[in-house]
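Colleague: I should be grateful for a close look at the contact between the two chains, followed by the salt bridges and the backbone within each chain.

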Amino acid sequence: MKRSLAILSFLSVAPLTGAKLPDVVDFNDHIQPIISENCYQCHGPDSSTRAPKKTPLRLDRAEFAFLDRPNGTPSIIKGDAEASEVFQRIISKDVDEVMPPPKSHKKPLKSDEIALIKKWIQQGSKYEEHWSFTPLARPEPPKSDWGQNAIDKFIVTRHREHDLDPGPPEEPARLLRRLTFDLTGLPPTSEEVATFREMAAQDLPAAIEMTAAKLLTTNAYAEHFARHWLDTARYGDTHGIHNDNYRGIWPYRDWVIEAFRKNMPFDQFTREQIAGDLLPNATLAQKIATGFNRCIPTTGEGGAIDQEYQAIYATDQVSTTSAVFLGLSTGCAACHDHKFDPISQKDFYSLTAFFRNSTMKAMDRNAADHAPVVFAPRLEDRQRFTTIDHDLLMAGEAIQKRRSDAQADFEAWLTKQKVETSTEATLALIADTSLPLTVRDGKITGQDGQISKSWDFSGKTQLTEGLGEVANLANLNIDLGDFVLFQARDQITFSGYLYLDGKVNGPLISRMDSEAADRGWDLWLEDGKLGAHIVDTWPDQAIKGVTTEPLKQKQWHHFALIYDGKAPPKKSLTVFIDGTSFPIKYSQAGKVENLETNVPTRLGARHPNISLTGNANLHTLKIFRRKLSNDEITKAASATTLNRLLAVPAEQRDQSQKEALFDFYLTNLDGPTKGLVAKKDQLIAEKETLRKRGSTTLVMEEKPSEAFAHILERGEYSLEGEKVPAAIPKVFKHEPKNQTLSRKDLADWLVSEKNPLTARVTVNRLWYYFFGRGIVETTEDFGIMGSRPTHPELLDYLAVELMENGWDLQHIMKLITSSTTYQQSAKTTSANRKKDAANLYLWRAARFRLEAEQIRDMALSASGLLVKKVGGPSVKPYQPEGVWEAVAMKGSNTRLFKQDKGEGLYRRSLYTFWKRTAAPPSMEILNAPTREIFCVRRDRTNTPLAAFVTMNDTQFIEASRALATRAIKQSQSFSQRLDFITIALMSRTLDNEEQDVVKKALDHHLKYYLEKPEFADQLLKVGESPLDSTIANNELAAWTLIASQIFNLDETLTK
Amino acid sequence: MNTVADFNAAISRRQFFRKNGTGLGAASLATLLPGGLSGLSNSSVPSELKKVAPKAKRVIYLSMLGAPSQLDLFDYKPKLKDRFKDDLSSYLKEQGQRLTGMTSGQAKFPVAPSIFEFKEHGQSGAWVSELLPHTAKMVDDIAIVKSMNTEAINHEPANQLCYTGNQQNGKPSLGSWLAYGLGSQNEDLPNFVVLHAQHTGPGNVQAISSRLWGPGFLPGKYAGVAFRPKGDPVLYLRNAPGIDRELRRNMLDSLNTLNQKSYDIVGDNEIQTRMQQYEMAFRMQASVPELSDLSSESDQTREMYGPQSKTSGSFASSCILARRMMERGVQFVQIFHRGWDQHSNLPAHIKPQCEDIDQPCWALVQDLKQRGMLDDTLVIWGGEFGRTVYSQGTLTEKNYGRDHHPRAFSMWMAGGGVKGGQVYGETDDFGYNVTENPVHISDLHTTILHQLGINHHKLTFKYQGLDQKLTGVKPTQVISEILE
């Protein structure tokens, strides 16, 4: 369809009816289309195919066309067609002479084409620069009494030329629907419809102006236009090639949204995306913006060759930049000079040089953070993220300040302290089981619940300050009998004091049956690291974890080890040393069901033959049948430290001991310090949260060297030819300020006044968004082979408007929406249809199917399911099973699709996770691009597959149910319920005749579901949002089907 | 000029001027259907494209993704036995062939002869490895091309070249070109279908991308429609739970009535297209499940395709499905079978791969023959490139791996005007270079088009100002020697 319109547009610009030649033949309008199609292959810009080989003839530009040929005369003689060889050759009957030659697979020129060429030569064969390359100047809008602004004056001129009658104004509610979809991608709400009707009744133009202005300030607007732009930027959430893993680049997507939200001028928008990193004092946001050029698909395929992919990436970056900003298809020049446009192969490789000076490596390692990257906090966190470091600094300083102020309080406290005789006394904690392990009279004693026990002890002891003799556990093996029993689901805390000297390995205490796959538990030391085994069946149903760091040697430590049988195995162990939590490394983390065993508990061993080795002292082992709180553990730990320090007489304390006491005081007892530390901890936690909410994002970064590239012969990466510097294509006659150019110069030139293309291409793309077809239909190609503008003066007028109004896109949008052209009805008349069926000249409003995202967002919005949250990581709404798996590699981290729950199902479609090798299927079927290459113009096909999506896809059925629920809740009346649905979707109520049709269907469905209640139940189970159980199932099911029907109406799916 | 587009444009122009107040004429169908399911039937094939009388009406392409080893299947090199472990370093240097990053760092490149036995088969005496006993039985039905070659040396670019004609992204797939060029034979089914068959080899699995069956710059309706072994055979095909065919019919009738009313007021042809779109969807809801339901296949047929034919999604059942599609007018079916990338443990890993495909391939050809369809159905088997004669990684008497090799590999073709019982092209003693009758991937494309009656120069589409072609800008040729 795209193509047929292009042909129509060409025909209508140059109506080639043999009888009617134009009075003045125009090179751009009439001649170029003929000779570019038929002659440029051999006589155009491409030097490699120019013929004849020895004396090449070039006809695309005046400076070559009139040069003398070997016979001494030019091939075109101004004013004399008969004498011009060009003319003689095209009319020749001789197969060896005639142009184009038959072997070129081109047909001979048609008689009207020949007549045009003849007349052009007769009239002086005047060449012109290709229209899109000519400088921009503001055309004067024609005078006319039709329409509201300049756009209309240009449009009506064409109407008159083609004898077309413009249509009446659109009905206000439909107009509002069009406006709201165009500006926000969403339908208007029923309140908005009502308000607009009132406003429109007073003053329609004012109502539109005010409404448009209001819509342009919404997040929905920013999201909608960001989504348009993400097509051009080929944004995706995966690398795109081979493994197609996740890639962190959504901060770039959020940057685009923010740019539209702030209505960033388009020149700045361009500069920041092309060269944000090179701007003076580039901000984080400006660096993130350069993600535009990092959206290229990349590979990490084993065996791929760096050079080859560097060439592929640069070609993609040039092709995208050219098509998006310049409307030029430079890609062809990768292999040879462009066949039609004046872009040489050298120009092309000079453009690649701008992008090849990047620090980016060719292979992405399948990593999410393929360098260069920056860390980007969430947009709403960014302000805080930049100030939090300062706050942290201040918090630290405040703690220091308190430290110097607290000396007096400390001294006062210290004088009151004395050594406690027993550490135990400071612990108010009552353990369920305790084992003081002080040796008295060759015995150790223990308390198990209410029962006191004692055991003989004949091993080594260590004299410990304030504790007397403490048992040394080395090579000990004391059978404690039936002592300490707990179950797999219990929560248990072990605490005590531990002193290690040298290498220590083995069990401190255990109850483990080595005959029964080690069922049981132990407290375990491994090279001085503390941990535990919790074993059902070793090794699969067992947990083993030890601290990542060993305990410090030769000092007493307080420890606490918590086993939480309710936590997942990998989180079941926690160890505190001296009140600080230590990370744990798990070597086993299987599910444990049963710990029961009949073997006795042993101290210093876990089997008569397996004992602890090395020098370890343990005392005051306590076992609690609960999780001790952090606070309890800290207190217990600090008591030890304090006693150790206080045990040294005041006059003998050295500096470090004094400091330690002071530190102890500040940390544990000084109220102000504790407050300040808590505040700092809070800041640290806050920073961590912000960090987790953000993401790294791919950016551009320049190497310090000068930008250059090699011409690659035939585009082959391995055939490096001439070395060329970064440069703007010659045809633009750019005069560089510097000797060497950087990406920043490219960015500046793209939006400079001297470049006529960017503004034209940009307003044209905007026009396309509103009218479904650009003034130049080929939005991606403004070159010689692209479509001709249907309204060239209007295009230039808008381009000048854009530039002169500070590149304000919204200014153009306001112009468009306030035009009579835009506000026309979409109705057709047979008279107009006959003259311009494709509506090239806009005698009626554009009427076309909504885009994939608009259709889904409409369903979410109308049904009230939409979650209006802006930005953040991409989400994974409903998708049929197996779509990713069918194409993915085993190792890909996007092989298995894991659908979100809750709000992730109901975000706007631009937040849907975009896997490039398997785009979201419901959107791809509705013509969303795969985002593997840039897309500035979407296809619109109406396939049965698309009908399946809107009829059967879970999200559309669920939305129908939600909409039906709301409709039923707000009224008992059939027509009010129906109105609710149709206003939400179509912005209008149905007339009586239409209502009758729906009523009949509803009655049918009601009866059907009453007879088959299981059908109703099934339908209502679709989707994860809660079902309203207050409505009868058959009623809700029948209305769900009605909502689905209204949703599938042509009028609903169409703008 | 662009012949197909011209033709379509002519149709469109006629449509625009046709007055079509009642019913649903062919008027607005041009925008309508996937994979060329245009409802216009054969009439959408431009006459100029039919200059050459078509030998084939449809194609089944059996794509072995990951690249099967030609040296262990078809390209028999008995002399290699004597050169076991010989280091090819200096030979490779002479060849100037770039190596992939996976083996370019190897100190030595030892010759790895195939450990599998080869025998001559059939009238033609073609050599086939013991890995493919069923394929061996049908050598007289097929033409083995041993001289295939490509430029690409890694999977992604090679697959793109093989299935879209270009190493770069964004080009239409082979099937999309055909859908665009051929129009449709069946109003209720897409004419370009893709099947993803399960594979059982434990080795490397390459990723694929929908771009291999995507429409590129052609209109979206020419995209391949992927049929799925589980769930809906076509995405979203089945009515939502709780909506049966009667309810759907009733809903559509009501929908049509409202749409018709809207058309009467607005007069936009798109509305009629919409109505037709939904009607066609309704018909597909019946025709696709009928097509995908293999329960009506006879025991004899199932036996022929082997034990895996009962497993939905297997290569065997995919082949049966492909044949059913051919019978119903689908013109291009592509079966993707992954898992052929044997960089290491080739002997162990290639076996189950061969078991997946060998009997079904044979059965498919026999089945088509029995039904009188082989004559006008072109069957193609092959991967995206070949594998190296030297071992990647450790080489032992019984084990080796092979890296990617673009310069020579084997494919086979059958039916659709291809002369069976011949082996075409030859390679050197290392199976490294083509020594006779080279066939580039683009030549294969040219030949496929040719057999379908399409001159590859004429199948063009204007995009970015150029007449784009499947076969690119370099000269290509029809492999006429293997044709009848």
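Modeller: The account below begins with the interface and then turns to the interior of each chain.

This is a predicted model, in which local features need pLDDT of at least 70 and side-chain atom pairs count only at pLDDT 80 or more, while totals for chains, interfaces and linings use all residues. Residues are numbered from 1 along each chain as its sequence is written, chains are lettered from A and ligands numbered from 1 in the order in which they are written, and side-chain values use heavy atoms, with hydrogens and water left out.

At the interface, 100 residues of chain A are in contact with 93 residues of chain B, contact meaning heavy atoms within 4.5 Å. The area buried between chain A and chain B is about 8,400 Å², and carbon and sulfur atoms give 58% of that area; buried area is the accessible area (1.4 Å probe) that two parts lose on being put together, summed over both. Eight salt bridges are found across the interface of chain A and chain B, a salt bridge being a side-chain nitrogen of Lys or Arg within 4 Å of a carboxyl oxygen of Asp or Glu. One of them pairs R98(B) with E308(A), whose closest N and O atoms are 3.0 Å apart. By class, the side of chain A that touches chain B has 44 nonpolar, 26 polar and 30 charged residues; here Ala, Val, Leu, Ile, Met, Phe, Trp, Tyr, Cys and Pro count as nonpolar, Asp, Glu, Lys and Arg as charged, and the others, Gly among them, as polar.

Over all chains, the structure holds 99 salt bridges. Within chain A, R606(A) and D522(A) are joined by a salt bridge of 3.0 Å, N to O. This pair links distant parts of the chain, 84 residues apart: R606(A) is in strand β17 (residues 605-607) and D522(A) in strand β9 (residues 519-526). Helices (H or I, at least four residues) and strands (E, at least two) are DSSP runs, numbered from the N terminus. Both R606(A) and D522(A) are buried, where buried means under 20% relative accessible area, exposed over 50%, and partly exposed in between (1.4 Å probe, protein chains only).

Within chain B, E327(B) and R323(B) form a salt bridge of 3.3 Å, N to O. Both lie in helix α10 (residues 315-327) of chain B, four residues apart, about one turn of the helix. E327(B) is partly exposed, at 36% relative accessibility, whereas R323(B) is buried, at 1% relative accessible area. Through shared partners, salt bridges join E290(B), E297(B), R323(B), R324(B), E327(B), R328(B), D367(B) and R371(B) into one network.

Returning to chain A, T697(A) belongs to strand β20 (residues 695-698) and is buried, with a relative accessible area of 0%. Leaving aside residues up to four places away in sequence, T697(A) touches several residues, among them G248(A), Y252(A), I288(A) and V374(A).

The backbone deserves a final remark. Most residues other than glycine have a negative phi, and most peptide bonds are trans. The bond from A51(A) to P52(A) is nevertheless cis, with omega near -15°, and P52(A) sits in the loop between α3 (40-43) and α4 (62-65) of chain A. N839(A) has a positive phi of about 60° although it is not a glycine, and N839(A) is buried at 6% relative accessibility.
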